[in-house]
Amino acid sequence: MPLSTPNKITDSQKIGIKFMRRPDLTFSKRLYIAATALSAMHNHQWGVITSMAKQFVVSRTYIYILAATLTETDSLLFGTTFQHTESRLAAFHYMLSLRLEGRCSIEAISTIMKRFEIKLDSTGSISEYLTYFGSLLPNTLSTNNNEIQLAVFLSDEIFSKNIPILVTVEPISSAILKIELADSRKAEDWKNHWKCIEENGYFAAYLVCDEGKGLCTAQKEALSDVIRQPDTYHAIAHRLGMWVNSLESAAYGAIEMEDERYKKLDSAKSDKVINKRIDQYEAAKKLADEKIELYEEFNSLYIAILEELKIFDKNGNLRDRKESEKNIEEYLSLIEILNHTKITKAVKKISNTIPELLNYFEVAKSIVTDLKALPIDLEAFQALCLAWQWKKGKIKAKKIKAKHFCAANEQDCLEYAVGYLQEDYDDVKEQIYKELNKIVQSSALVECINSIIRPYLNTSRNHIAQKTLNLIMFYHNHRRYVDGERKGKSPIEILTRKEQEKDWIELLFDVVKEKDPDFFASIS
């Protein structure tokens, strides 16, 4: 007879207490969980353990530990000495969880599994099985039933030492469409990369990438009919943004020097020393004034350029592309007048990207035109467009103060829209946000993918194989986000708009059973 669901654990119990004995999980309940888990694994009933984890508000790892404990007890009481398939399955769960979710090295996984007396705990076995799982997985995502699906291609390179890893991500869902270890990153490599993605059902709606020579050449030859959006972050913020802090630090340094020279005036005694220190102070003051003026002028022009990159103006109207391009060019010219050699060099590189830099305005124009057809008040629509833009600003902001400022402005805009939309607010907001999210300005998401992959490279001493990349890609595409705007959803769910009913490890086991039906039988 199934036992009743335990009392819900309160948030106050969850927060601040890392390990505790759950009073609601009595001995009989733990025995029930362990026995049910063993039965499910023995009969290959997939999904039972995940269901129990949700029912009893425990981790899946905890359930496997209970199952392993019960197996050991069985051996002691009844003299069973053979290795159960269940214990092997538990070992695979440990390997996969520790490697992908815990980002542990092979050596660390072995140490942990030995500590808990989990089977297959040698580094050789762990490496062998993880590599085998990766060998059964593709490095390119495929659509269902040979469907054709348009997607934004966000392409970039990640490096393992000097070896390039070519990655294409669909930015709205964050799903990795293809990841491959390559010999080079020339145009031909990228052309083959995109061709493989197309053969698996995904075609580029438009391409977002940086100014890499191989990428740009490949786009002109293979995706010439697709709009290429340069990475606005690398084009503007990366090249100019770094100078904001540099010039500010230089200005503060000059101010400190001026203050130091001023304080030394009082200690001078002779006329010669007094005159010398007055000259030093005046020179320091002049330099400080110059540094302050340079910083303030550059910072104001930099902020003005960033404003022109925004899709909507302060009233929620779509900016005119030609006007924004003209303004950016004028601001860049004014920066050149500041006569800073290194900044001028960066400005010239930015100027070369201007013809394509605002291509995303064309995508925005099409989306906004379609959204304006919605039967809602224009002011409510403009407020939601501004709210979406403030939300994007909040995501991009690196400082807490800036994040709070953007969040407050987003909330003000949303509250304004509520007054117009009333009960339709939630549906309209979701639809507008969803469509506007299709406007992609930068390849910053690839940096997020880089941050996901980098720990595996580090724990592999930067010696990574394609099979490992396949495993990482499968994990990323099928794992559920635990926070953020994608919370509770996996990338593959967002991309396909189909609910993912199983945990990523169970889905991986399904692939193993399909590709190698005898695998699980052979480990009993």
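**Figure 1. Helices H15 and H17 lie oblique to each other**. Welcome to this predicted model: local features need pLDDT of at least 70 and side-chain atom pairs pLDDT 80 or more, while totals for chains, interfaces and linings use all residues. Residues are numbered from 1 along each chain as its sequence is written, and side-chain values use heavy atoms, without hydrogens or water. H15 covers residues 378–396 and H17 covers residues 425–436 (helices are DSSP runs of H or I, at least four residues, strands runs of E, at least two, numbered from the N terminus). The two helices pack at an angle of about 55 degrees, and their axes are 10 Å apart (axes are fitted to C-alpha atoms, for helices over the stretch in contact, and angles between N-to-C directions run from 0 to 180 degrees). That angle makes the pair oblique (under 35 degrees is roughly parallel, over 145 roughly antiparallel, 65 to 115 roughly perpendicular, the rest oblique). On the H15 side, look for Phe381, Leu384, Cys385, Ala387, Trp388 and Lys391; on the H17 side, for Tyr425, Val428, Lys429, Ile432, Tyr433 and Leu436 (contact means heavy atoms within 4.5 Å). Ten of these contact residues are nonpolar, two are charged and none is polar (Ala, Val, Leu, Ile, Met, Phe, Trp, Tyr, Cys and Pro are nonpolar, Asp, Glu, Lys and Arg charged, the others, with Gly, polar).

**Figure 2. H15 also packs against H16, and here the helices are roughly antiparallel**. H15 and H16 pack at an angle of about 160 degrees, with 8 Å between their axes. From H15 come Glu379, Ala380, Ala383, Leu384, Leu386, Ala387, Trp390, Lys391, Gly393, Lys394 and Ile395. They meet Lys403, Phe405, Cys406, Ala407, Asn409, Glu410, Cys413, Leu414, Tyr416, Ala417, Tyr420 and Leu421 of H16. Sorted by class, this contact has 16 nonpolar, five charged and two polar residues. Leu384, Ala387 and Lys391 may look familiar: H15 uses them in its contact with H17 and in its contact with H16.

**Figure 3. H10 and H11 give a second view of roughly antiparallel helices**. H10 spans residues 232–263 and H11 spans residues 271–309. Their packing angle is about 155 degrees, and their axes are 8 Å apart. The residues of the contact divide into 24 nonpolar, five charged and three polar.

**Figure 4. Aromatic rings come together in 16 pairs**. Tyr360 and Phe361 are one of these pairs: their ring centres are 4.9 Å apart and their planes are at 50 degrees, so the pair is tilted (rings of Phe, Tyr and Trp, its six-membered ring, pair if their centres lie within 6.5 Å; planes under 30 degrees apart are stacked, over 60 edge-to-face, the rest tilted). Both residues are buried, Tyr360 at 0% relative accessible area and Phe361 at 3% (buried means under 20%, exposed over 50%, partly exposed in between, with a 1.4 Å probe and protein chains only). Trp390 and Phe405 make an edge-to-face pair, 5.6 Å from centre to centre and with 85 degrees between the planes. This pair joins distant parts of the chain, since Trp390 sits in H15 and Phe405, 15 residues away, in H16 (residues 400–421). Trp390 is partly exposed, at 22% relative accessible area. Elsewhere, ring pairs tie Phe92, Tyr129, Tyr132, Phe133, Phe509 and Phe519 into a cluster.

**Figure 5. Val152 sits in strand S1**. S1 runs over residues 149–160, and Val152 is buried there, at 6% relative accessibility. Beyond neighbours within four places in sequence, Val152 touches Val169, Glu170, Pro171, Ala205, Tyr206, Val208, Lys438 and Val440. Take Ala205: 53 residues separate it from Val152 in sequence, yet their C-alpha atoms are 5.2 Å apart.

**Figure 6. Two loop residues that are not glycines, Val57 and Asn146, have a positive phi**. For Val57, phi is about 55 degrees. Val57 lies in the loop between H3 (48–56) and H4 (60–78), where it is partly exposed at 37% relative accessibility. Asn146 has a phi of about 60 degrees. Its loop runs between H7 (123–135) and S1, and Asn146 is exposed, at 76% relative accessibility.

**Figure 7. Stepping back, the protein has 22 helices and five strands**. Of its 524 residues, 45% are buried. Among contacts between residues at least 6 apart in sequence, 67% join residues at least 24 apart.
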